[in-house]
Amino acid sequence: MTVIDEGVLKLDPEEARRVRQERFERIGRWVLPLAIMILAIWLWDRICVWNGIPQYILPRPGVVLSTLYNDAGLLFSALLVTLRITFLSLLLAVVGGVGLAVLFAQSKWVEMSFFPFAIVLQVTPIVAIFPLINIYVDNQTTKLLLCAWIVAFFPILSNTTLGLNSVDRNLRDLFKLNGATRWQQLRYLRLPAAMPYFLGGLKIAGGLSLIGAVVAEFVAGATGQSSGLASRIIEAGYRLNAPRLFAALFLISLTGILIFLVLSLISHLILRRWHESALKQER
Amino acid sequence: MTREKVAQAPASDVAPTLLALRGVGKVFSNGVTALSDVDLTIREGDFLSLLGPSGCGKSTALRLIAGLSTPTSGVLDWRGGGSLDRANIGFVFQEPTLLPWASVFDNVWLPLRLKGISRAKAAPAVKEMLERVHLTGFEDAVPRELSGGMKMRVSIARAMVTKPRVLLMDEPFAALDEITRFKLNNDLLELWQDERFTVVFVTHSVFESVFLSNRVVVMAARPGRVFDELAIEAAYPRDEAFRTSPDYAALCRQASDVLVNGINSTAGAHHDGH
(Lines give C-alpha, C1' and ligand atoms only; values in the text may rest on other atoms or scores of the structure.)
Protein backbone atom coordinates (compact mmCIF):
# COMPACT_ATOMS: atom_id res chain seq x y z
CA MET A 1 0.00 0.00 0.00
CA THR A 2 1.36 3.39 -0.90
CA VAL A 3 0.59 6.51 1.02
CA ILE A 4 -0.14 9.37 -1.33
CA ASP A 5 0.88 12.78 -0.10
CA GLU A 6 -1.51 15.04 -1.97
CA GLY A 7 0.54 18.14 -1.20
CA VAL A 8 3.63 16.87 -2.98
CA LEU A 9 2.08 14.68 -5.64
CA LYS A 10 1.42 16.31 -9.00
CA LEU A 11 -2.04 15.17 -10.08
CA ASP A 12 -3.25 15.14 -13.65
CA PRO A 13 -6.64 16.82 -14.30
CA GLU A 14 -8.56 13.54 -14.19
CA GLU A 15 -7.16 12.48 -10.81
CA ALA A 16 -7.52 16.01 -9.44
CA ARG A 17 -11.18 15.98 -10.44
CA ARG A 18 -11.63 12.63 -8.70
CA VAL A 19 -10.03 13.89 -5.49
CA ARG A 20 -12.22 16.99 -5.59
CA GLN A 21 -15.34 14.93 -6.17
CA GLU A 22 -14.51 12.61 -3.29
CA ARG A 23 -14.05 15.57 -0.98
CA PHE A 24 -17.41 17.04 -2.04
CA GLU A 25 -19.13 13.70 -1.49
CA ARG A 26 -17.62 13.34 1.95
CA ILE A 27 -18.87 16.77 3.03
CA GLY A 28 -22.16 16.50 1.16
CA ARG A 29 -23.10 13.29 2.92
CA TRP A 30 -23.51 15.28 6.15
CA VAL A 31 -24.31 18.76 4.97
CA LEU A 32 -27.07 17.97 2.47
CA PRO A 33 -29.48 16.05 4.73
CA LEU A 34 -28.84 18.56 7.49
CA ALA A 35 -29.61 21.48 5.20
CA ILE A 36 -32.80 19.82 3.96
CA MET A 37 -33.90 19.15 7.54
CA ILE A 38 -33.27 22.75 8.62
CA LEU A 39 -35.13 23.96 5.57
CA ALA A 40 -38.08 21.66 6.33
CA ILE A 41 -38.26 22.81 9.95
CA TRP A 42 -38.11 26.42 8.87
CA LEU A 43 -40.89 25.79 6.34
CA TRP A 44 -42.95 24.03 9.01
CA ASP A 45 -42.55 27.06 11.28
CA ARG A 46 -43.48 29.47 8.47
CA ILE A 47 -46.58 27.48 7.48
CA CYS A 48 -47.81 27.65 11.09
CA VAL A 49 -47.30 31.40 11.18
CA TRP A 50 -48.58 32.21 7.68
CA ASN A 51 -51.77 30.21 8.11
CA GLY A 52 -52.27 30.98 11.80
CA ILE A 53 -52.61 27.27 12.61
CA PRO A 54 -53.61 26.77 16.27
CA GLN A 55 -51.11 25.02 18.56
CA TYR A 56 -53.44 22.04 19.31
CA ILE A 57 -53.44 21.13 15.61
CA LEU A 58 -49.88 21.85 14.55
CA PRO A 59 -47.47 23.40 17.05
CA ARG A 60 -44.49 25.41 15.91
CA PRO A 61 -41.11 23.62 16.18
CA GLY A 62 -40.00 25.98 18.94
CA VAL A 63 -43.03 25.04 21.02
CA VAL A 64 -42.26 21.35 20.60
CA LEU A 65 -38.74 21.99 21.80
CA SER A 66 -39.87 23.96 24.84
CA THR A 67 -42.43 21.24 25.64
CA LEU A 68 -39.62 18.71 25.49
CA TYR A 69 -37.80 20.83 28.06
CA ASN A 70 -40.81 21.60 30.29
CA ASP A 71 -42.21 18.06 30.27
CA ALA A 72 -38.78 16.47 30.48
CA GLY A 73 -39.47 14.72 33.81
CA LEU A 74 -42.65 13.11 32.52
CA LEU A 75 -41.34 12.25 29.05
CA PHE A 76 -37.93 10.91 30.05
CA SER A 77 -39.31 8.68 32.78
CA ALA A 78 -41.69 7.31 30.12
CA LEU A 79 -38.77 6.92 27.75
CA LEU A 80 -36.91 4.91 30.37
CA VAL A 81 -39.87 2.53 30.70
CA THR A 82 -39.98 2.04 26.93
CA LEU A 83 -36.21 1.65 26.71
CA ARG A 84 -36.26 -1.01 29.41
CA ILE A 85 -38.76 -3.08 27.44
CA THR A 86 -36.85 -2.41 24.20
CA PHE A 87 -33.47 -3.55 25.46
CA LEU A 88 -34.78 -6.49 27.47
CA SER A 89 -36.69 -7.75 24.44
CA LEU A 90 -33.67 -7.19 22.19
CA LEU A 91 -31.54 -9.17 24.64
CA LEU A 92 -34.11 -11.96 24.70
CA ALA A 93 -34.35 -11.81 20.90
CA VAL A 94 -30.57 -12.29 20.65
CA VAL A 95 -30.56 -15.16 23.15
CA GLY A 96 -33.64 -16.79 21.63
CA GLY A 97 -32.74 -16.14 18.00
CA VAL A 98 -29.15 -17.33 18.25
CA GLY A 99 -30.11 -20.21 20.54
CA LEU A 100 -32.76 -21.46 18.13
CA ALA A 101 -30.44 -20.95 15.14
CA VAL A 102 -27.72 -23.03 16.80
CA LEU A 103 -30.30 -25.69 17.58
CA PHE A 104 -31.51 -25.64 13.95
CA ALA A 105 -27.91 -25.87 12.76
CA GLN A 106 -27.39 -29.12 14.64
CA SER A 107 -29.60 -31.02 12.27
CA LYS A 108 -31.45 -30.41 9.04
CA TRP A 109 -34.36 -32.36 10.55
CA VAL A 110 -34.81 -29.95 13.45
CA GLU A 111 -34.66 -26.99 11.09
CA MET A 112 -37.14 -28.50 8.66
CA SER A 113 -39.51 -29.36 11.51
CA PHE A 114 -39.53 -26.07 13.41
CA PHE A 115 -38.60 -23.27 11.02
CA PRO A 116 -42.15 -23.02 9.56
CA PHE A 117 -43.53 -22.25 13.03
CA ALA A 118 -41.08 -19.38 13.41
CA ILE A 119 -42.38 -18.01 10.11
CA VAL A 120 -46.00 -18.34 11.26
CA LEU A 121 -45.13 -16.40 14.39
CA GLN A 122 -43.44 -13.76 12.28
CA VAL A 123 -46.11 -13.21 9.63
CA THR A 124 -49.07 -13.00 12.04
CA PRO A 125 -49.53 -9.33 13.02
CA ILE A 126 -48.62 -8.85 16.66
CA VAL A 127 -51.69 -6.64 17.21
CA ALA A 128 -53.84 -9.63 16.35
CA ILE A 129 -52.02 -11.96 18.72
CA PHE A 130 -52.05 -9.55 21.63
CA PRO A 131 -55.60 -10.20 22.92
CA LEU A 132 -54.59 -13.84 23.43
CA ILE A 133 -51.43 -12.87 25.26
CA ASN A 134 -53.57 -10.54 27.34
CA ILE A 135 -55.72 -13.48 28.45
CA TYR A 136 -52.87 -15.88 29.23
CA VAL A 137 -50.31 -13.55 30.80
CA ASP A 138 -51.00 -11.52 33.93
CA ASN A 139 -47.80 -9.61 34.46
CA GLN A 140 -47.75 -6.35 32.51
CA THR A 141 -43.97 -6.38 31.86
CA THR A 142 -44.05 -9.99 30.72
CA LYS A 143 -46.86 -9.16 28.30
CA LEU A 144 -44.96 -6.30 26.71
CA LEU A 145 -41.71 -8.27 26.59
CA LEU A 146 -43.36 -11.23 24.92
CA CYS A 147 -44.88 -8.94 22.30
CA ALA A 148 -41.68 -7.08 21.51
CA TRP A 149 -39.75 -10.36 21.48
CA ILE A 150 -42.05 -11.98 18.91
CA VAL A 151 -41.50 -8.99 16.62
CA ALA A 152 -37.74 -8.78 17.09
CA PHE A 153 -36.43 -12.34 17.24
CA PHE A 154 -37.18 -13.46 13.70
CA PRO A 155 -34.54 -11.47 11.75
CA ILE A 156 -31.90 -12.71 14.16
CA LEU A 157 -33.07 -16.30 13.87
CA SER A 158 -33.33 -16.32 10.10
CA ASN A 159 -30.09 -14.44 9.48
CA THR A 160 -28.06 -16.49 11.95
CA THR A 161 -29.47 -19.73 10.55
CA LEU A 162 -28.45 -18.63 7.05
CA GLY A 163 -24.98 -17.68 8.33
CA LEU A 164 -24.42 -20.96 10.15
CA ASN A 165 -25.28 -22.80 6.93
CA SER A 166 -23.08 -20.62 4.70
CA VAL A 167 -19.71 -22.04 5.69
CA ASP A 168 -17.16 -22.61 2.91
CA ARG A 169 -17.22 -26.31 1.94
CA ASN A 170 -13.46 -26.61 1.90
CA LEU A 171 -13.21 -25.18 5.40
CA ARG A 172 -15.76 -27.72 6.53
CA ASP A 173 -13.64 -30.47 4.95
CA LEU A 174 -10.56 -29.07 6.66
CA PHE A 175 -12.23 -29.32 10.06
CA LYS A 176 -13.38 -32.84 9.25
CA LEU A 177 -9.84 -33.84 8.22
CA ASN A 178 -8.48 -32.57 11.50
CA GLY A 179 -11.02 -34.54 13.47
CA ALA A 180 -12.92 -31.53 14.81
CA THR A 181 -15.79 -32.30 17.15
CA ARG A 182 -19.26 -30.83 16.56
CA TRP A 183 -18.65 -28.30 19.29
CA GLN A 184 -15.29 -27.25 17.83
CA GLN A 185 -16.84 -26.87 14.41
CA LEU A 186 -19.54 -24.64 15.87
CA ARG A 187 -17.21 -22.62 18.06
CA TYR A 188 -14.29 -22.06 15.67
CA LEU A 189 -15.97 -22.19 12.27
CA ARG A 190 -19.72 -21.80 12.06
CA LEU A 191 -20.32 -19.14 14.70
CA PRO A 192 -17.57 -16.80 13.43
CA ALA A 193 -18.72 -17.38 9.85
CA ALA A 194 -22.28 -16.48 10.87
CA MET A 195 -21.18 -13.28 12.62
CA PRO A 196 -21.74 -10.86 9.68
CA TYR A 197 -25.19 -12.36 9.08
CA PHE A 198 -26.06 -12.18 12.77
CA LEU A 199 -24.98 -8.54 12.99
CA GLY A 200 -27.13 -7.72 9.95
CA GLY A 201 -30.09 -9.34 11.72
CA LEU A 202 -29.25 -7.51 14.94
CA LYS A 203 -29.45 -4.12 13.21
CA ILE A 204 -32.96 -4.94 11.98
CA ALA A 205 -33.98 -6.44 15.32
CA GLY A 206 -32.82 -3.30 17.19
CA GLY A 207 -35.32 -1.16 15.33
CA LEU A 208 -38.01 -3.84 15.54
CA SER A 209 -37.68 -4.25 19.29
CA LEU A 210 -38.39 -0.52 19.74
CA ILE A 211 -41.36 -0.78 17.38
CA GLY A 212 -42.47 -3.94 19.20
CA ALA A 213 -42.23 -2.23 22.58
CA VAL A 214 -44.22 0.81 21.46
CA VAL A 215 -46.88 -1.23 19.66
CA ALA A 216 -47.22 -3.50 22.68
CA GLU A 217 -47.75 -0.50 24.94
CA PHE A 218 -50.36 0.84 22.54
CA VAL A 219 -52.41 -2.33 22.40
CA ALA A 220 -51.93 -3.02 26.10
CA GLY A 221 -53.24 0.45 26.75
CA ALA A 222 -51.04 0.66 29.79
CA THR A 223 -51.56 3.74 31.92
CA GLY A 224 -50.41 4.92 35.31
CA GLN A 225 -47.02 5.83 36.59
CA SER A 226 -45.15 2.89 35.09
CA SER A 227 -46.28 3.68 31.56
CA GLY A 228 -44.05 4.22 28.56
CA LEU A 229 -43.92 6.71 25.73
CA ALA A 230 -46.80 5.12 23.83
CA SER A 231 -49.18 5.74 26.73
CA ARG A 232 -47.99 9.36 26.90
CA ILE A 233 -48.81 9.69 23.21
CA ILE A 234 -52.30 8.23 23.67
CA GLU A 235 -52.88 10.49 26.66
CA ALA A 236 -51.67 13.55 24.80
CA GLY A 237 -53.89 12.60 21.87
CA TYR A 238 -57.00 12.48 24.08
CA ARG A 239 -56.17 15.88 25.51
CA LEU A 240 -55.34 17.43 22.13
CA ASN A 241 -51.91 18.20 23.60
CA ALA A 242 -50.20 18.25 20.20
CA PRO A 243 -46.90 19.74 21.41
CA ARG A 244 -46.37 16.86 23.83
CA LEU A 245 -47.43 14.40 21.15
CA PHE A 246 -44.77 15.76 18.86
CA ALA A 247 -42.18 15.80 21.64
CA ALA A 248 -42.85 12.15 22.46
CA LEU A 249 -42.69 11.24 18.78
CA PHE A 250 -39.39 13.09 18.47
CA LEU A 251 -37.98 11.11 21.41
CA ILE A 252 -39.04 7.79 19.90
CA SER A 253 -37.45 8.60 16.51
CA LEU A 254 -34.29 9.80 18.19
CA THR A 255 -34.11 6.58 20.21
CA GLY A 256 -34.56 4.49 17.07
CA ILE A 257 -31.79 6.37 15.29
CA LEU A 258 -29.46 6.02 18.28
CA ILE A 259 -30.12 2.28 18.52
CA PHE A 260 -29.34 1.89 14.82
CA LEU A 261 -26.15 3.94 15.08
CA VAL A 262 -24.89 2.06 18.13
CA LEU A 263 -25.58 -1.33 16.52
CA SER A 264 -23.91 -0.19 13.27
CA LEU A 265 -20.87 0.89 15.25
CA ILE A 266 -20.70 -2.45 17.07
CA SER A 267 -21.01 -4.26 13.76
CA HIS A 268 -18.28 -2.14 12.19
CA LEU A 269 -15.90 -2.66 15.11
CA ILE A 270 -16.33 -6.42 15.03
CA LEU A 271 -16.03 -6.82 11.26
CA ARG A 272 -13.65 -4.06 10.26
CA ARG A 273 -10.55 -6.20 9.96
CA TRP A 274 -11.83 -9.05 7.89
CA HIS A 275 -15.22 -8.67 6.30
CA GLU A 276 -15.80 -7.21 2.84
CA SER A 277 -18.71 -5.07 4.03
CA ALA A 278 -16.48 -3.15 6.43
CA LEU A 279 -13.64 -2.47 4.01
CA LYS A 280 -12.87 0.91 2.60
CA GLN A 281 -12.80 1.19 -1.17
CA GLU A 282 -9.17 0.97 -2.14
CA ARG A 283 -9.09 2.16 -5.71
CA MET B 1 7.66 -43.76 -20.94
CA THR B 2 6.05 -46.94 -19.79
CA ARG B 3 5.34 -48.79 -16.62
CA GLU B 4 8.40 -51.06 -17.07
CA LYS B 5 10.63 -48.05 -16.87
CA VAL B 6 9.10 -47.08 -13.53
CA ALA B 7 9.94 -50.47 -12.12
CA GLN B 8 13.59 -49.81 -12.88
CA ALA B 9 13.65 -46.57 -10.93
CA PRO B 10 15.77 -47.53 -7.93
CA ALA B 11 14.66 -44.85 -5.48
CA SER B 12 10.99 -45.77 -5.82
CA ASP B 13 11.76 -49.46 -5.59
CA VAL B 14 13.51 -49.34 -2.26
CA ALA B 15 10.96 -47.24 -0.45
CA PRO B 16 8.18 -49.18 1.31
CA THR B 17 4.62 -48.86 0.12
CA LEU B 18 2.63 -46.18 1.90
CA LEU B 19 -0.69 -46.65 0.17
CA ALA B 20 -2.01 -48.90 -2.54
CA LEU B 21 -5.22 -48.16 -4.40
CA ARG B 22 -6.61 -51.42 -5.72
CA GLY B 23 -9.39 -51.34 -8.30
CA VAL B 24 -10.75 -48.12 -6.86
CA GLY B 25 -13.86 -46.69 -8.49
CA LYS B 26 -16.25 -43.91 -7.59
CA VAL B 27 -19.71 -43.41 -9.05
CA PHE B 28 -21.68 -40.36 -7.94
CA SER B 29 -25.40 -40.51 -7.23
CA ASN B 30 -26.09 -38.57 -10.45
CA GLY B 31 -24.65 -41.50 -12.42
CA VAL B 32 -21.31 -39.92 -13.31
CA THR B 33 -18.38 -42.31 -13.09
CA ALA B 34 -15.67 -40.12 -11.59
CA LEU B 35 -13.10 -42.88 -11.24
CA SER B 36 -12.93 -46.34 -12.70
CA ASP B 37 -10.68 -49.24 -11.69
CA VAL B 38 -7.69 -47.23 -10.46
CA ASP B 39 -4.60 -49.14 -9.40
CA LEU B 40 -1.91 -46.96 -7.91
CA THR B 41 0.90 -47.55 -5.47
CA ILE B 42 2.24 -44.62 -3.50
CA ARG B 43 5.59 -45.15 -1.80
CA GLU B 44 7.10 -43.46 1.23
CA GLY B 45 8.82 -40.25 0.20
CA ASP B 46 7.27 -40.09 -3.26
CA PHE B 47 6.50 -36.77 -4.86
CA LEU B 48 3.71 -38.05 -7.04
CA SER B 49 1.73 -35.85 -9.42
CA LEU B 50 -1.69 -36.71 -10.74
CA LEU B 51 -1.74 -35.01 -14.13
CA GLY B 52 -4.79 -34.80 -16.32
CA PRO B 53 -7.49 -32.69 -17.96
CA SER B 54 -10.48 -31.49 -15.97
CA GLY B 55 -12.98 -34.24 -15.32
CA CYS B 56 -10.41 -37.01 -15.12
CA GLY B 57 -11.14 -37.65 -11.44
CA LYS B 58 -7.82 -36.48 -10.03
CA SER B 59 -9.45 -34.36 -7.34
CA THR B 60 -11.84 -37.20 -6.56
CA ALA B 61 -8.86 -39.52 -6.10
CA LEU B 62 -7.33 -37.03 -3.69
CA ARG B 63 -10.54 -36.78 -1.67
CA LEU B 64 -10.69 -40.57 -1.46
CA ILE B 65 -7.13 -40.69 -0.16
CA ALA B 66 -7.94 -37.96 2.36
CA GLY B 67 -10.92 -39.94 3.63
CA LEU B 68 -13.30 -37.12 2.72
CA SER B 69 -15.14 -39.52 0.45
CA THR B 70 -15.47 -43.31 0.24
CA PRO B 71 -14.89 -45.42 -2.86
CA THR B 72 -17.79 -47.18 -4.58
CA SER B 73 -15.58 -50.17 -5.37
CA GLY B 74 -12.05 -51.31 -4.60
CA VAL B 75 -9.95 -50.66 -1.51
CA LEU B 76 -7.43 -48.19 -0.19
CA ASP B 77 -4.76 -50.28 1.43
CA TRP B 78 -2.63 -48.29 3.86
CA ARG B 79 0.76 -49.97 4.36
CA GLY B 80 -0.81 -53.25 3.40
CA GLY B 81 -3.63 -53.30 5.94
CA GLY B 82 -5.59 -51.10 8.27
CA SER B 83 -6.30 -47.43 7.85
CA LEU B 84 -3.89 -44.59 8.43
CA ASP B 85 -4.69 -42.20 11.22
CA ARG B 86 -6.15 -39.15 9.53
CA ALA B 87 -4.08 -36.91 11.74
CA ASN B 88 -1.13 -37.76 9.56
CA ILE B 89 -2.62 -36.20 6.45
CA GLY B 90 -2.14 -32.58 5.47
CA PHE B 91 -4.42 -31.14 2.81
CA VAL B 92 -3.92 -28.02 0.70
CA PHE B 93 -6.94 -26.89 -1.28
CA GLN B 94 -7.08 -25.08 -4.61
CA GLU B 95 -7.99 -21.87 -2.78
CA PRO B 96 -6.07 -20.90 0.34
CA THR B 97 -9.22 -21.68 2.40
CA LEU B 98 -8.18 -19.65 5.42
CA LEU B 99 -10.41 -18.43 8.23
CA PRO B 100 -10.90 -14.80 7.16
CA TRP B 101 -11.45 -13.54 10.71
CA ALA B 102 -8.36 -15.18 12.18
CA SER B 103 -4.76 -13.96 12.10
CA VAL B 104 -2.04 -15.83 10.21
CA PHE B 105 -0.84 -17.29 13.50
CA ASP B 106 -4.32 -18.48 14.47
CA ASN B 107 -4.87 -20.00 11.04
CA VAL B 108 -1.72 -22.06 11.29
CA TRP B 109 -2.49 -22.92 14.90
CA LEU B 110 -5.94 -24.27 13.93
CA PRO B 111 -5.08 -27.96 13.34
CA LEU B 112 -3.21 -28.07 16.66
CA ARG B 113 -5.98 -26.16 18.41
CA LEU B 114 -8.49 -28.75 17.23
CA LYS B 115 -6.30 -31.36 18.89
CA GLY B 116 -6.55 -29.45 22.15
CA ILE B 117 -3.10 -27.87 22.10
CA SER B 118 -3.03 -24.44 23.73
CA ARG B 119 -1.80 -21.31 21.99
CA ALA B 120 1.29 -21.12 24.15
CA LYS B 121 2.18 -24.78 23.63
CA ALA B 122 1.60 -24.56 19.88
CA ALA B 123 3.58 -21.34 19.47
CA PRO B 124 7.02 -22.90 18.78
CA ALA B 125 5.65 -25.24 16.10
CA VAL B 126 3.58 -22.46 14.50
CA LYS B 127 6.50 -20.02 14.53
CA GLU B 128 8.82 -22.62 13.02
CA MET B 129 6.38 -23.43 10.22
CA LEU B 130 5.87 -19.74 9.44
CA GLU B 131 9.59 -19.35 9.21
CA ARG B 132 9.82 -22.31 6.83
CA VAL B 133 7.35 -20.67 4.45
CA HIS B 134 9.05 -17.26 4.80
CA LEU B 135 6.19 -15.54 6.63
CA THR B 136 7.94 -14.53 9.83
CA GLY B 137 6.66 -11.10 10.87
CA PHE B 138 3.18 -11.64 9.41
CA GLU B 139 1.79 -13.51 12.45
CA ASP B 140 -0.80 -10.85 13.25
CA ALA B 141 -1.95 -10.08 9.70
CA VAL B 142 -5.40 -11.28 8.62
CA PRO B 143 -5.75 -13.09 5.28
CA ARG B 144 -7.21 -10.16 3.34
CA GLU B 145 -4.04 -8.17 4.04
CA LEU B 146 -1.93 -10.79 2.24
CA SER B 147 -1.23 -11.43 -1.45
CA GLY B 148 -2.44 -14.60 -3.15
CA GLY B 149 0.98 -16.23 -2.88
CA MET B 150 1.30 -15.39 0.81
CA LYS B 151 -2.16 -16.79 1.52
CA MET B 152 -1.11 -20.04 -0.14
CA ARG B 153 2.03 -20.10 2.03
CA VAL B 154 -0.17 -19.81 5.11
CA SER B 155 -2.27 -22.66 3.78
CA ILE B 156 0.84 -24.83 3.32
CA ALA B 157 2.13 -23.93 6.78
CA ARG B 158 -1.23 -24.92 8.25
CA ALA B 159 -1.17 -28.27 6.44
CA MET B 160 2.40 -28.96 7.60
CA VAL B 161 2.17 -27.81 11.22
CA THR B 162 1.04 -31.24 12.40
CA LYS B 163 4.07 -32.84 10.68
CA PRO B 164 1.95 -35.08 8.46
CA ARG B 165 3.47 -38.06 6.67
CA VAL B 166 1.35 -37.36 3.61
CA LEU B 167 0.68 -33.98 2.05
CA LEU B 168 -2.22 -33.90 -0.39
CA MET B 169 -2.36 -30.87 -2.68
CA ASP B 170 -5.28 -30.11 -5.00
CA GLU B 171 -4.03 -27.74 -7.74
CA PRO B 172 -2.72 -25.42 -5.05
CA PHE B 173 -0.94 -22.95 -7.32
CA ALA B 174 -3.36 -22.93 -10.27
CA ALA B 175 -4.72 -19.47 -9.45
CA LEU B 176 -1.33 -17.80 -8.95
CA ASP B 177 0.71 -15.85 -11.45
CA GLU B 178 3.71 -17.62 -12.99
CA ILE B 179 6.44 -15.83 -11.04
CA THR B 180 4.74 -16.58 -7.73
CA ARG B 181 4.07 -20.15 -8.83
CA PHE B 182 7.74 -20.81 -9.65
CA LYS B 183 8.78 -19.40 -6.29
CA LEU B 184 6.30 -21.57 -4.44
CA ASN B 185 7.37 -24.63 -6.48
CA ASN B 186 10.95 -24.09 -5.36
CA ASP B 187 9.98 -23.53 -1.74
CA LEU B 188 7.75 -26.60 -1.71
CA LEU B 189 10.57 -28.78 -3.10
CA GLU B 190 12.95 -27.42 -0.49
CA LEU B 191 10.49 -28.27 2.26
CA TRP B 192 9.95 -31.76 0.84
CA GLN B 193 13.66 -32.48 0.58
CA ASP B 194 14.23 -31.43 4.19
CA GLU B 195 11.37 -33.41 5.68
CA ARG B 196 10.90 -36.26 3.18
CA PHE B 197 7.18 -36.58 3.64
CA THR B 198 5.07 -38.02 0.81
CA VAL B 199 3.31 -35.66 -1.56
CA VAL B 200 0.37 -36.38 -3.83
CA PHE B 201 0.03 -33.33 -6.05
CA VAL B 202 -2.94 -32.78 -8.35
CA THR B 203 -2.29 -30.50 -11.33
CA HIS B 204 -3.23 -29.91 -14.94
CA SER B 205 0.13 -28.32 -15.70
CA VAL B 206 2.63 -30.56 -17.48
CA PHE B 207 5.49 -28.22 -16.60
CA GLU B 208 4.64 -28.07 -12.94
CA SER B 209 4.26 -31.85 -12.59
CA VAL B 210 7.59 -32.57 -14.31
CA PHE B 211 9.45 -29.94 -12.35
CA LEU B 212 8.22 -31.14 -8.97
CA SER B 213 7.70 -34.88 -9.05
CA ASN B 214 9.67 -38.08 -9.23
CA ARG B 215 6.54 -39.80 -10.56
CA VAL B 216 3.90 -38.37 -12.86
CA VAL B 217 0.69 -40.35 -13.12
CA VAL B 218 -1.21 -39.29 -16.23
CA MET B 219 -4.97 -39.63 -16.00
CA ALA B 220 -7.67 -39.57 -18.67
CA ALA B 221 -11.33 -38.61 -18.51
CA ARG B 222 -14.70 -40.29 -19.08
CA PRO B 223 -14.38 -42.43 -17.17
CA GLY B 224 -11.65 -41.04 -14.91
CA ARG B 225 -8.78 -43.51 -14.93
CA VAL B 226 -5.02 -43.89 -14.78
CA PHE B 227 -3.72 -43.72 -18.35
CA ASP B 228 0.02 -44.05 -17.92
CA GLU B 229 2.88 -43.30 -15.60
CA LEU B 230 6.24 -41.59 -16.07
CA ALA B 231 9.27 -41.67 -13.85
CA ILE B 232 11.07 -38.33 -13.73
CA GLU B 233 14.58 -39.41 -12.91
CA ALA B 234 16.25 -36.02 -12.85
CA ALA B 235 18.19 -35.57 -9.63
CA TYR B 236 17.07 -33.34 -6.79
CA PRO B 237 17.62 -30.60 -5.76
CA ARG B 238 15.97 -29.08 -8.79
CA ASP B 239 16.31 -25.36 -9.21
CA GLU B 240 16.04 -22.62 -11.80
CA ALA B 241 18.93 -24.22 -13.73
CA PHE B 242 16.85 -27.38 -14.10
CA ARG B 243 13.81 -25.35 -15.18
CA THR B 244 15.71 -24.02 -18.21
CA SER B 245 17.67 -27.20 -19.04
CA PRO B 246 17.18 -29.25 -22.24
CA ASP B 247 16.54 -32.32 -20.06
CA TYR B 248 13.57 -30.62 -18.47
CA ALA B 249 12.23 -29.57 -21.87
CA ALA B 250 12.56 -33.13 -23.18
CA LEU B 251 10.77 -34.56 -20.14
CA CYS B 252 7.99 -32.02 -20.53
CA ARG B 253 7.59 -33.01 -24.18
CA GLN B 254 7.33 -36.67 -23.18
CA ALA B 255 4.76 -35.97 -20.51
CA SER B 256 2.86 -33.74 -22.87
CA ASP B 257 2.74 -36.49 -25.50
CA VAL B 258 1.39 -38.98 -22.98
CA LEU B 259 -1.22 -36.46 -21.84
CA VAL B 260 -2.32 -35.82 -25.43
CA ASN B 261 -2.55 -39.57 -26.07
CA GLY B 262 -4.71 -39.88 -22.97
CA ILE B 263 -6.99 -37.07 -24.09
CA ASN B 264 -7.23 -38.57 -27.61
CA SER B 265 -8.13 -41.95 -26.17
CA THR B 266 -11.19 -40.25 -24.71
CA ALA B 267 -11.87 -38.00 -27.69
CA GLY B 268 -12.06 -41.09 -29.92
CA ALA B 269 -15.31 -42.00 -28.22
CA HIS B 270 -16.70 -38.52 -27.55
CA HIS B 271 -16.43 -35.36 -29.58
CA ASP B 272 -16.96 -32.39 -27.40
CA GLY B 273 -14.15 -30.04 -28.18
CA HIS B 274 -12.04 -30.64 -25.07
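The radius of gyration is taken over C-alpha atoms, and the globule rule is 2.2 Å times the number of residues to the power 0.38. This is a predicted model, where local features need pLDDT of at least 70, side-chain atom pairs count only at pLDDT 80 or more, and totals for chains, interfaces and linings use all residues. Residues are numbered from 1 along each chain as its sequence is written, while chains are lettered from A and ligands numbered from 1 in the order in which they are written.

Q: How does the radius of gyration of chain A sit against that of a compact globule of 283 residues?
A: The rule gives a value near 19 Å, but chain A has 25 Å. Its C-alpha trace spans about 75 × 70 × 30 Å along the principal axes.

Q: What makes up the pattern of chain A?
A: Helices and strands are DSSP runs (H or I, at least four residues; E, at least two), numbered from the N terminus. Chain A has ten helices and zero strands. The pattern reads α-α-α-α-α-α-α-α-α-α.

Q: Why does the span of helix 5 of chain B agree with its 14 residues?
A: The expected span is 1.5 Å times one less than the number of residues. For residues 119–132 that should be 20 Å, and the end C-alpha atoms are 19 Å apart, so the two agree.

Q: What makes residues of helix 5 of chain B count as buried?
A: A buried residue has 20 or more other C-beta atoms, placed from the backbone, within 10 Å of its own; 12 or fewer means exposed, and in between is partly exposed. B:Ala122, B:Val126, B:Met129 and B:Leu130 are buried.
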